[in-house]
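Colleague: I would like to learn how to read strands, burial and backbone angles in a model like this one. Could we go through some features together?

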Amino acid sequence: MDNPVPPRAARPGPRRRDRHGRGMRGPIAPPQVPLAASRAEAFADLVQDSVERLERRWPQLAEIDFLVLEVPRLDGPAEAWSDEAVPLGGTIPSREGRPARVVVYRRPVEIRTKGRDERAALVHEVVVEQVAELLGLTPETVDPRYGED
């Protein structure tokens, strides 16, 4: 039997349309809206908001680096996980010309919270506690509203 329509040859290169002819899928939202922010970016924004809130009261915090890491790491190969709780944050004192650092661990904080508001409150508590440790003060001195939530 003769086939009146010859088969199409496969074209090299990327496909320009999907099989339904509607075009390639694009992002759901443009990059400038918050919906397009990744979870890591949204978490870093929460930390930055907390730091800005504290800097109004403590201008010397501008000299401290604030970092977000995924999880705490083990320092040495012989060190093993203990039965203690996983830390939510930590501090690194200044040394050898490096500024002091406050670290907030994203995954342990996210696991302990359910929504954005709860996450923002816990991030702020962690930042306040770490700043208080670094400055040698109580958390209530660093932020008078500490622990009110």
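Modeller: We will take the strands, then one loop residue, then one helix residue. This is a predicted model, in which local features need pLDDT of at least 70 and side-chain atom pairs count only at pLDDT 80 or more, while totals for chains, interfaces and linings use all residues. Residues are numbered from 1 along each chain as its sequence is written, and side-chain values use heavy atoms, with hydrogens and water left out.

Colleague: Which strands pair with E3, and in what sense?

Modeller: Strands (E, at least two residues) and helices (H or I, at least four) are DSSP runs numbered from the N terminus, and two strands pair if DSSP finds at least two bridges between them. Here E1 (residues 65–69) runs parallel to E3 with five bridges, whereas E2 and E3 are antiparallel and joined by four bridges. Val102 in E3 is the bridge partner of Phe66, and Thr91 also stands opposite Val102.

Colleague: Why is E3 largely enclosed by the rest of the structure?

Modeller: Buried means under 20% relative accessible area, exposed over 50%, and partly exposed in between, using a 1.4 Å probe and protein chains only. E3 is described as largely enclosed because four of its five residues are buried.

Colleague: What is the phi of Glu96, and where does Glu96 lie?

Modeller: Most residues other than glycine have a negative phi. Glu96, although not a glycine, has a positive phi of about 50°; Glu96 sits in the loop between E2 (89–92) and E3 (101–105), and is exposed at 75% relative accessible area.

Colleague: Is Glu110 buried or exposed?

Modeller: Glu110, in helix H2 (residues 106–111), is buried, with a relative accessible area of 9%. Leaving aside neighbours within four places in sequence, Glu110 is in contact (heavy atoms within 4.5 Å) with Arg39, Phe43 and Arg119.
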